[in-house]
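User: I would like a close look at the enclosed and open spaces in this model, and at the elements around them. Please keep it to what can be read from the coordinates.

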Amino acid sequence: MKYKQELADILFEALGHEIQAEELEMLIEKPKNALHGDLSFPCFSLAKVKRKSPNSIAEELSVRIQSPMFEKVEVVGAYLNVFLNKKVVAETVIAEIIEQKEQYGALDIGKNRNVTIDLSSPNIAKPFSMGHLRSTVIGNSLAFIVEKCGYTPIRINHIGDWGTQFGKLITAYKLWGEEAKVKENPIKELLSLYVKFHDEAEKDHGLVEQGRSWFKKLEDGNEEALALWQWFRDESLKEFSRIYDLMNVQFDSFAGEAFYNDKMDRIVKLLEDTQLLVESDQAQVVDLTHEGLPPCLIKKSDGATLYATRDLAAALYRKENYDFDLSLYVVGNEQSLHFKQLIAVLEKMGCSWGDNMVHIPFGMMLKDGKKMSTRKGKVVLLEEVLKESITMARQNIEEKNPNLTNKEFVAKQVGVGAVMFHDLKNYRMNDIEFSLEEMLRFEGETGPYVQYTYARACSILKKSGLGISNLEQTNTPSWEKEWKVVSLLTEFTNAIKRAYEQFDPSQIAKYIVDLAQAFNKYYGEVKILEDGPEQQARLALVYSVSVVLKEGLRLLGIEAPEEM
């Protein structure tokens with residue numbers, strides 16, 4: 001990033017301050033082909049300003065670019081291609097990483113301001129399925145990324161613990177449930193009752209009415225309904241906690257939908273006081289015609305409040321309690337309209353901070369090309385996938401490194417990392433086809449591949465017997481063979497900035513795969529541990545790679561074993 005800034009500043013001076021350095025920096029590209037340099041500046045946009053051909057502008061500018069950071073400048077048509085000084089850049093970046101360690105790549109965009117992140121949010125009394133993986137791992141990674149950019153993340157698990165589905169579940173339990181069976185295997189038994197309710201309701205329409213009736217009792221504080229609801233909730237949270245522990249995902253708040261039950265009247269009153277509530281088909285809505293959106297339903301004709309009312313209450317609560325600078329909602333793309341309406345209503349209420357609320361949508365986890373459905377019982381359990389992945393990792397270790405210490409611990413790190421990385425390497429808006437085989441591959445662009453590369457770097461450093469303080473860069477190499485690795489190390493901050501700006505962890509995942517591939521190629525070509533004057537410089541590079549790979553994995557929420 002700083003090399004782009006350096007070039008932009010030089011161009012700013014060379015162009016007589018006619019175009020701001022920030023604008024020039026945005027025009028600077030990284031050539032796809034390394035033969036065309038490390039940085040490239042297209043001169044097309046200057047043609048109108050300078051009233052000259054882009055080629056002649058490039059020729060004029062080329063002689064004015066002077067910096068110890070730049071080795072040479074070439075003109076190719078309208079492009080100014082700049083080659084970085086390999087020795088200066090390599091020694092600078094490696095020295096920075098050795099000094100800063102895991103702090104390398106950090107940005108101070110956030111100034112310690114708060115960012116609330118709404119993530120995971122499974123429904124209680126239902127199993128934690130593969131469908132919940134996406135919100136969990138994307139949100140968890142974004143928390144680490146915003147923290148790396150100087151913010152304080154607040155992870156909120158807005159548990160789905162209220163709604164008509166609980167009336168249905170209570171009805172099913174009262175009709176067909178057995179206490180002993182539910183106690184023995186709560187989630188599995190509750191799921192089968194929920195599925196049975198929907199199967200039977202297709203034949204007996206009176207069941208739906210019974211479900212509504214039990215939910216009304218729950219809302220009215222009926223003791224039996226509340227006791228069953230609390231039991232279902234407690235058992236669910238126990239199961240969820242076990243899965244979160246397995247994935248090493250933590251939260252600052254488990255305030256779910258029920259938490260806002262006593263906070264919605266205030267929202268309705270605020271909307272009434274600002275004269276935003278209007279009646280439509282006996283329901284209370286906020287008209288959003290001017291915003292180009294359908295009306296936002298606040299209260300149904302029977303007086304029941306809805307998701308929008310609850311989410312408005314949650315937004316207000318979070319602003320007042322956390323004073324967030326940004327509020328992120330990592331929720332599937334099918335909820336895009338809901339969040340547009342939510343933000344529009346807040347702005348009509350005079351909450352200027354509504355602008356700071358961001359919906360971060362993502363594609364679906366599909367099975368055989370179709371969305372997974374709890375209602376129809378078509379669901380793949382996340383815990384089963386994680387356990388199978390750990391088992392496969394353990395088998396891999398037994399075959400390739402049976403004498404490894406902490407085999408169980410490493411198998412967990414690798415198995416869980418494989419599942420998480422498989423999700424995070426995809427651009428979040430893409431749908432992902434669930435494939436256990438693909439997820440658990442241990443070569444190619446996978447989590448285990450990056451973890452193995454990190455372990456390999458650790459092994460080289462261990463064999464060298466040199467401590468980090470001894471990695472002096474005396475008698476440095478020409479850096480030709482190392483250059484691909486070095487140039488990628490300089491890009492770490494850019495990858496973090498892109499991931500933050502686009503709310504897209506795949507930017508980090510792709511980056512660490514590229515770095516791992518470049519390092520493994522280098523490892524195959526150069527005898528790193530060979531005695532000689534360049535050995536320490538080579539080891540300093542290996543150490544730098546190990547720091548960045550470990551930190552890159554951490555930003556994805558994935559652990560990095562030192563041995564595999």
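How many cavities of 30 Å³ or more does the structure hold? Please describe the two largest, then go on to the second largest pocket and the secondary structure that belongs to the picture.

Analyst: The model is predicted, and every value below is computed from it. It holds three cavities of 30 Å³ or more.

The largest cavity has a volume of about 100 Å³. Its lining brings together residues from separate parts of the sequence: Met1, Tyr3 and Lys4, then Lys30, Asp38 and Leu39, then Leu84, and finally Ser487, Thr490, Glu491 and Asn494. By class, this lining divides into four nonpolar, three polar and four charged residues.

The second largest cavity holds about 70 Å³ of space. Leu246, Met247 and Asn248 line it, together with Lys412, Gln413, Val416, Gly417 and Met420, and with Gly557, Ile558 and Glu559. Two elements give two or more residues each to this lining, namely helix H11 (223-247) and helix H16 (407-424). H16 gives the most, with five residues. Sorted by class, the lining of the second largest cavity has five nonpolar, four polar and two charged residues.

H11 also takes part in a helix crossing. The axes of helix H7 (residues 164-176) and H11 come within 11 Å and cross at roughly 100°. H7 is therefore roughly perpendicular to H11. On the H7 side, the contact is made by Phe166, Leu169, Ile170, Tyr173 and Lys174, which meet Glu224, Ala225, Leu228, Trp229, Trp231 and Phe232 of H11. The residues of this contact comprise nine nonpolar, no polar and two charged.

Next comes the open space. The second largest pocket has a volume of about 920 Å³. It is lined by 33 residues, of which Lys30, Asp38, Ser487, Leu488 and Glu491 are the closest to its centre. Lys30, Asp38, Ser487 and Glu491 are also named in the lining of the largest cavity. Four helices each supply at least two residues of the pocket lining: helix H1 (2-14), helix H19 (483-489), helix H20 (492-501) and helix H21 (506-525). H21 gives the most, with six residues. The pocket lining has 11 nonpolar, seven polar and 15 charged residues.

Leu39 and Leu84, both in the lining of the largest cavity, lead on to a sheet. This is an open sheet of three strands in the order E1-E3-E2, with antiparallel pairing. Strand E1 (39-42) and strand E2 (70-76) stand at its edges with a single partner strand each, so one side of each has no neighbour in the sheet. From one strand to the next, the twist averages 20°. Leu39 falls in the range of E1, and Leu84 falls in that of strand E3 (residues 79-84), which is joined to E1 by four bridges. In this pairing, serine 40 stands opposite asparagine 81 of E3. On the other side of E3, the antiparallel pairing with E2 runs over six bridges. Here lysine 72 stands opposite phenylalanine 83 of E3. E2 and E3 form a hairpin with two residues between the strands, in which glycine 77 takes a positive phi near 65°.

A second sheet, treated here apart from the cavities and the pocket, is open, has four strands in the order E5-E4-E9-E10, and pairs in parallel. Its edge strands are strand E5 (152-156) and strand E10 (357-360), each of which pairs on one side only. With direction ignored, neighbouring strands of this sheet are turned by 20° against each other on average. Strand E9 (residues 326-330) pairs with E10 in the parallel sense over four bridges. One of the residues in this pairing is valine 330, whose bridge partner in E10 is isoleucine 360. Helix H14 (residues 336-348) packs on the sheet and touches E9 and E10, and its direction makes about 175° with that of E10.

To return to the request: of the two cavities described, the largest has a volume of about 100 Å³, while the second largest, at about 70 Å³, has H16 giving the most to its lining. The second largest pocket has Lys30, Asp38, Ser487 and Glu491 among the residues closest to its centre.

Definitions and conventions: Residues numbered from 1 in each chain as written. Predicted model: local features only at pLDDT ≥ 70, side-chain atom pairs only at ≥ 80, totals over all residues. Heavy atoms only, no water. 1 Å grid on protein atoms, 1.4 Å probe; cavity = no way out; pocket = protein on both sides within 12 Å on 5 of 7 lines; lining within 4 Å. Points joined across faces, edges and corners; volume = space filled by probe spheres on them. Nonpolar A, V, L, I, M, F, W, Y, C, P; charged D, E, K, R; others polar. Axes fitted to C-alpha atoms, helices over the stretch in contact; angles between N-to-C directions. Parallel < 35°, antiparallel > 145°, perpendicular 65-115°, else oblique. Contact = heavy atoms within 4.5 Å. Pairing = 2+ DSSP bridges.
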